[in-house]
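Notebook, one sitting. I wanted to look up a few residues and one nucleic acid surface, and to write down what I found.

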There are 2 protein chains.
Amino acid sequence: MSTAQVPGATVARLPGYLHALEAVRGTGVVTSEELARAAGVSPAQLRKDLSFLGSYGRRGVGYDVAHLERQIGAVLGVQTRRTVVIVGIGYLGHALASYGGFAERGFDVAALVDADPQVVGTRVAGLVVEPVDALAQVVARTGATVGVIAVPAPYAQDVCDGLVGAGVTGLLTFAPRALRVPDGVTVRAVDVASELQILAFHDARRHEGV
Amino acid sequence: MSTAQVPGATVARLPGYLHALEAVRGTGVVTSEELARAAGVSPAQLRKDLSFLGSYGRRGVGYDVAHLERQIGAVLGVQTRRTVVIVGIGYLGHALASYGGFAERGFDVAALVDADPQVVGTRVAGLVVEPVDALAQVVARTGATVGVIAVPAPYAQDVCDGLVGAGVTGLLTFAPRALRVPDGVTVRAVDVASELQILAFHDARRHEGV
DNA sequence: TAGATTGTTAATCGATTAACAATC
DNA sequence: TAGATTGTTAATCGATTAACAATC
């Protein structure tokens with residue numbers, strides 16, 4: 001299963017297909033139409049996306065739910081456990097640390113880090129928060145390959161540098177800042193204020209009469 | 001300023017440009033190269049994007065920071081205050097309610113709603129949490145046009161329906177579920193577990209030797 | 001004028017959609 | 001076999017990139 005040639009847009013939709021498949025677990029077979037509706041895409045797009053992974057359906061029948069779930073899971077590497085360290089334990093960091101949905105996706109939150117002495121040492125979601133000075137050691141000890149940045153924007157690049165320097169190769173940031181990383185490090189950014197502004201744009205357009 | 005023909009990909013980058021401009025406030029003029037680096041895009045893409053809005057730069061000189069900030073702000077409707085209601089006041093809802101970055105982007109969080117009787121009535125970020133039964137009244141009273149869905153996945157569609165039924169036209173959801181909405185309602189979805197899986201995919205690909 | 005930088009054009013690239021032959 | 005649905009092809013659409021003429 002060479003995943004090298006799977007388009008980025010397709011990769012971004014695979015987790016959604018996995019979600020949709022989980023929702024119909026127990027059903028033996030689904031058609032592209034059913035699964036596409038559940039995932040919020042068109043049947044044509046679903047089939048096209050799946051065709052990049054291989055031929056996992058049966059013409060005239062549909063897709064075997066359990067089999068397809070395994071295949072997509074394999075492409076996304078669900079069976080490979082990945083260790084995550086969360087930096088910044090404010091409300092957002094709390095929310096992420098407490099989120100139960102990571103484990104079944106192959107992610108283990110192994111450490112929490114914060115700069116605030118008041119927060120360091122407290123217990124959050126079963127983990128003791130460690131000081132940001134110890135970031136490199138924490139990454140080394142836990143073998144974390146993914147870092148989540150939930151600190152205020154002005155500190156995001158420093159935390160990013162620290163994580164990358166310690167060997168993390170995947171970053172998820174919630175700070176509204178473009179992060180500079182070396183080649184070989186992947187960054188995904190979630191910016192809530194930007195999302196709201198995109199909504200606002202579409203809303204304004206609507207009232208413009210488009 | 002007809003914004004009708006601004007491509008979706010461009011719209012999605014405009015908030016990032018606004019951020020980058022804020023960072024260089026005080027500087028009189030920036031070139032596309034400087035601003036592009038700050039925003040994490042190529043100079044060519046920045047100029048292309050801005051060209052959809054109009055001709056706000058001066059050849060041989062660059063862009064006037066204050067002027068460009070006003071123009072992009074206008075396209076995104078920053079000056080139009082929008083009222084937001086947040087549904088689901090767990091850690092994530094707390095984080096969103098407490099986030100200070102919304103106000104300067106034109107968003108006023110006017111109400112918080114939760115289904116848990118233990119949470120209803122408590123004060124969060126200066127607002128008293130209201131019961132989800134009163135969702136329609138809350139939307140009507142506050143005039144909210146944007147709804148943020150931070151409830152567990154199984155309740156997301158119900159909350160979505162309630163918000164849309166009450167007149168909200170923009171939705172930001174954090175639940176890993178495809179939401180069904182009527183035409184005229186815009187949905188933006190943030191799915192943290194999916195983001196991590198996309199990181200994992202790229203990481204796995206790296207170890208495959210691509 | 002000479003140098004710099006935008007705005008725009010054209011070429012390339014990637015993603016989506018539609019249609020249908022293959023096949024269960 | 002007849003009906004259904006996939007996998008794939010081809011056409012369309014949209015986004016990105018590169019280059020350069022316009023112009024400050």
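I call a residue buried under 20% relative accessible area, exposed over 50%, and partly exposed in between, with a 1.4 Å probe and protein chains only. I looked up A:Gly90 by that rule: its relative accessible area is 38%, so A:Gly90 is partly exposed.

Ground rules. The model is predicted, so I note that local features need pLDDT of at least 70 and side-chain atom pairs count only at pLDDT 80 or more, while totals for chains, interfaces and linings use all residues. Residues are numbered from 1 along each chain as its sequence is written, chains are lettered from A and ligands numbered from 1 in the order in which they are written, and side-chain values use heavy atoms, with hydrogens and water left out.

Entry on A:Gly90 and A:Tyr91. I placed A:Gly90 in the loop between strand S4 (82-87) and helix H5 (91-98) of chain A; helices (H or I, at least four residues) and strands (E, at least two) are DSSP runs, numbered from the N terminus. A:Tyr91 sits in helix H5 of chain A and is partly exposed at 41% relative accessible area. Across the chains I found A:Tyr91 touching B:Tyr91, B:His94, B:Ala95 and B:Ser98, residues up to four places away in sequence not counted. Contact here is heavy atoms within 4.5 Å. An unreviewed UniProt entry gives a "binding site" that includes A:Gly90 and A:Tyr91; such annotations may be inferred rather than shown by experiment.

Entry on A:Ser32. I found A:Ser32 in helix H2 (residues 32-39) of chain A, buried at 11% relative accessible area. Beyond four places in sequence, A:Ser32 is in contact with A:Pro43, A:Leu46, A:Arg47 and A:Tyr63. The side chains of A:Ser32 and A:Arg47 share a polar contact of 3.0 Å. That term means a pair of N or O atoms within 3.5 Å; within protein, one must be able to donate a hydrogen and the other to accept it, and residues adjacent in sequence count only if both atoms are side-chain atoms.

Entry on DNA strand C. I count a residue as near if one of its heavy atoms lies within 4 Å. Of the 25 residues around the strand, those that come nearest include A:Arg13, B:Ser32 and B:Gly57. Helix H3(A) gives the largest share of this surface, four residues. A backbone N or O atom of B:Gly57 is 2.7 Å from a phosphate oxygen, whereas a side-chain N or O atom of B:Arg47 is 3.0 Å from a base oxygen.
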